[in-house]
Each structure stands twice: as C-alpha cells, then as structure tokens.
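Visitor: I'm new here and would like a close look at one part. Please take me through it slowly, and explain the terms as you go.

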Amino acid sequence: MQFTRKSRAASVVAALSLAGAGLLAVAPTATAANSVADPANIVSNSNFATPVPASEFNTYGVGSTAITGWTVSAGTVDLNTPAAWESPAGDPSATQTIDLNGTSPGALTQTLATQAGLHYSGSFELAANPGGCIPLLDPKTGTLSVGSDSQPFSFDGTGHSSSDMGWTQVSFAFVASSASTPITFASTISGSCGPVITDVVVDPPLPPTIATNANVQVLQTAPAGTKVTFASPAASDPNTGSALTSTCAPASGTIFPAGTTTVTCSVTEPEGLSATSKFTVKVEPVVGSCEARALGFDGTKHVSIDQSNPATSPCAAKSGTLLAASSTLSPGILGIGSVTANGSVLKSSTSTTLGATSATTGASDQIASFSFVAPGITVKTTTIKSEASSTLNASCVGTSTGSSDIEGLVINGKHYTIGSAPLTIPLGLGLELNLNQQIVTGNVVTQRALSITSTHQTVYHTVIGETVAGLSCG
C-alpha cells in the first residue's frame, strides 16, 4: 500500500509506503479534489460539517454516531468547529475537523457503498493539534484502513500553530472487493492531542469520455441507399488520460437506406465503465422528373410518338431511337379540317448521375425533321433539339437549366432564323407557333423547343421536342 501527500505550503509530494495486502493500490498521480467541490465523492459528511458543536469542540466516545455518516469505532475523538484553528485553504466556512485524539486515542469509521473490482482514488487533509497537550508528542501518527488493509500516516506539527496548520493533502487508492468497504482513520499516538483530518474524498473511476460526431447528410446514390464513411469519435479514459478506441453501429462504410438513421458510438474503459454518443445519418432520397418527348398532342386525342423515361426515383438512364412517324388529328382543330403531323426522331434520352454530395439528371431529344399541315398552314423544320438538366446538392438546394435549338424553320414557304430567346409567331386561323419556351417550377424545368397552340381551344396544343428535368429530396 502507498500514500502520497502534498503540502499546500511547500507544494512538495512525498511517498509513505509499507508493504501490505492487495486492497490499497499505488497512489494516483494527481490528488483528489476538495470534497465539497467534488460531485463524484461517495463519502458522506466528508468535511464533518454536521453536527455543529455548541462550543469550540465536542468529544464523542466509542460507539457514537453523532457525527453524521460516521461512527466512533475506538476511544474518543474531538469534533472541532472552524473557530478552533485554520481550515484548509479554499474550504467553505462550514468545514469542521476531527482530532483523532479526544481524551484518548480514537478511531472514526464510515462504510462506503462500492462496486467490487473497481479502482477508487481518495484523499484527505492532514494536520496536527497544535495545542499545548501533555505529553508533547510529534510527529502525530495514525493509520488509514480500507477494508482489511492499513497504512500509517504521520504529521510533524513542529513550527505550526492554530493560524498556520500546514495542511497536507494525502492521496490513496484501492480496489474494492465487495459492495461495501469500511474506511477507518485511527490515531496511534497517546494523549489528548493527535492527528487532525478533514475533507475525506473517495471517488470511483470516472466513465470514459467520447466525442459526438456531427450529423451527416448525403444524397441517395443507389436504390439501396448510400455508402457512408465517417471517423470514429475520439474517446479517452479520464482516470489515466490514455486514448481509447470507440466503435459505432451501424459502422462506417455501411450502406445507409434513404431516410434518417441514428448511429450509436460507444467506448468502454478497462474497468468496464462505458459511455455513448449519438449522431444521425440522413440519406436524402432523390426524386427525379426526367422526360424527353419528341412529339405529342393533347386535346380530344393524345398521341405520343416518343415519351422516353417517365419520372422515377431517381430517374434511370434511358434512350430511344424512332423512325419516321405520322399522326392525323381528327376531327382536327375547331374550325379547321384535318391536321397531319409528321416527325422523324433521331434520339430521345434521359439519365441521372448520383453522387455523395450532388445529383444531376438530364433529358434531351433531337428530331431530324418535322411537318405540320393544316388547311392553309404548313410548318416545316429540319432539326429540333431540346435539352434540360437539374442539379441538386447535399443540402437539397437545386438549380435547373434548359435550352433548345430549331433549324430550318419554314412557315408557308417563308424561312425564319430562330435564336435562343422565347418567340411566339401567329399562324392565323387562331393558331400560334411558340418557340424556345422554358417553364420553371421549383427545381423542375420544362424546355419546349416548339409547340403549336390554339387560341380557340385552350386545352389543345401540339408539342414538338419537349424535355423535362427536375430533382428534389423526398
């Protein structure tokens, strides 16, 4: 068994040791905190604040339990008020002290609730009664017993006085062997002036500390979810200052499904005490809208020559190539006879690229040639292109873009040069030709290269070369 003691006046640490049984272990490297300021302390009435004697001190004999939490287990002890002499530096005003020699050598015991197998560290403040006792014996000696193991302690009061007690903090440690452990301070010096103690501290081992990872937010990268990697949170053993390794469940590298998953990280120190921390992994499901429509009609009759890849979650890559196709709208537009539309589609495709921090979906179509024939109206083009794309970042903030290009536009034999700006051309007979239209709703962009609408029947329009792209977090 071994003690260390720290002189508050000289800040000198010395070792007092005696070979003994295994209960008391090597003293800790740092002294324990003051009992009143130490919430982990398991000692009751550690600075003997109750009861308060009517005079400067009161003597209690063997068997007395008047000192709260303690039992006089041998001889007599004195409970001294703060008026008796100087208290340890920093102690609260209610701190009282025990002289282990009342009218004879005495002992004071408290049984602590402990857990077998755990290491406990402790300390107490030690000084000596500076009064003019007879015989004048120095040093003042005693023993500290924990369970069945004991070690001596001593304090030389030479040169000290009631205003300069020279308080020394003595530290100790032990391994509990059962659920209750008696701790006893006993004087080993005769007479009525003995060693004086206060601020008895016993702390169980502290649980480990573990950091908390920041919450993670990623986009879904596959139907099953997203593979997420993260560092295990830092952990340490406050009893030794050594680093510990934490583990998390689910582990780093796991495929996390769409939605929010709580990750629990834990660490256990050598004595079996553990600690946990938690954070969340949020996998944002990507809901896509991606569509490439080469030629379609809406109204009393709907014909779609190519509608590639309707919306999925997320949009899958798809492409298609169609040969020339022809459709006749009958009975046609109100007031107009039969309308024929022909289109030769080269390519229509959609695709989505998913990453850990962003997702992008795109749609495109290309029509080699197109003709729209109605009584008195002929519209022809050589090439129509339409493209749209949408990008979403890990914070679910999106941007969408779209463009279209029309070449070789001929209306009733007249050639037109079309730029990229939206343009509306009246065709007559209540028909309008709309070029390069872009409609943005939230993060969804619809890019129409060319459409023909009827001012007589608003539900009717013919769309040629339309792409849709959009992404959102579900």
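**A strand and its surroundings**

Guide: Let's start with one pairing: aspartate 99 has valine 196, in β14, as its bridge partner. Before going on, bear in mind that this is a predicted model, where local features need pLDDT of at least 70 and side-chain atom pairs count only at pLDDT 80 or more, while totals for chains, interfaces and linings use all residues. Residues are counted from 1 along each chain as its sequence is written, and side-chain values use heavy atoms, with hydrogens and water left out.

Now, the strand itself. β14 covers residues 195-203, and nine of its nine residues are buried, so the rest of the structure largely encloses it. Buried here means under 20% relative accessible area; exposed is over 50%, and partly exposed lies in between (1.4 Å probe, protein chains only). The strand names come from DSSP runs numbered from the N terminus: strands (E) need at least two residues, helices (H or I) at least four.

Who are the partners of β14? One is β7 (residues 97-99), paired antiparallel over two bridges. Another is β9 (residues 119-128), also antiparallel, this time over seven bridges. Within that pairing, glycine 122 sits opposite valine 202 of β14. By the rule used here, two strands pair if DSSP finds at least two bridges between them.

Moving past β14, there's an open sheet of three strands, ordered β15-β18-β19 and paired antiparallel. At its edges stand β15 (209-210) and β19 (242-244), each with a single partner strand, so one side of each has no neighbour in the sheet. β15 is joined to β18 (residues 235-237) by two bridges, and threonine 209 stands opposite serine 236 of β18.

For a loop, try serine 44, between β3 (24-25) and β4 (57-61). With 32% relative accessibility, serine 44 counts as partly exposed. Setting aside neighbours within four places in sequence, serine 44 touches Thr68, Gly69, Trp70 and Gln110; a contact means heavy atoms within 4.5 Å.

Finally, how far to trust the picture. pLDDT is the predictor's confidence in each residue, from 0 to 100. The chain's mean is 82, with 79% of residues reaching 70 or more. Residues 1-33 stay under 50, though the model has 96 contacts for them beyond four places in sequence. Residues 298-306 are below 50 too, with 26 contacts beyond near neighbours in sequence. Where pLDDT is low, the predicted coordinates shouldn't be read in detail.
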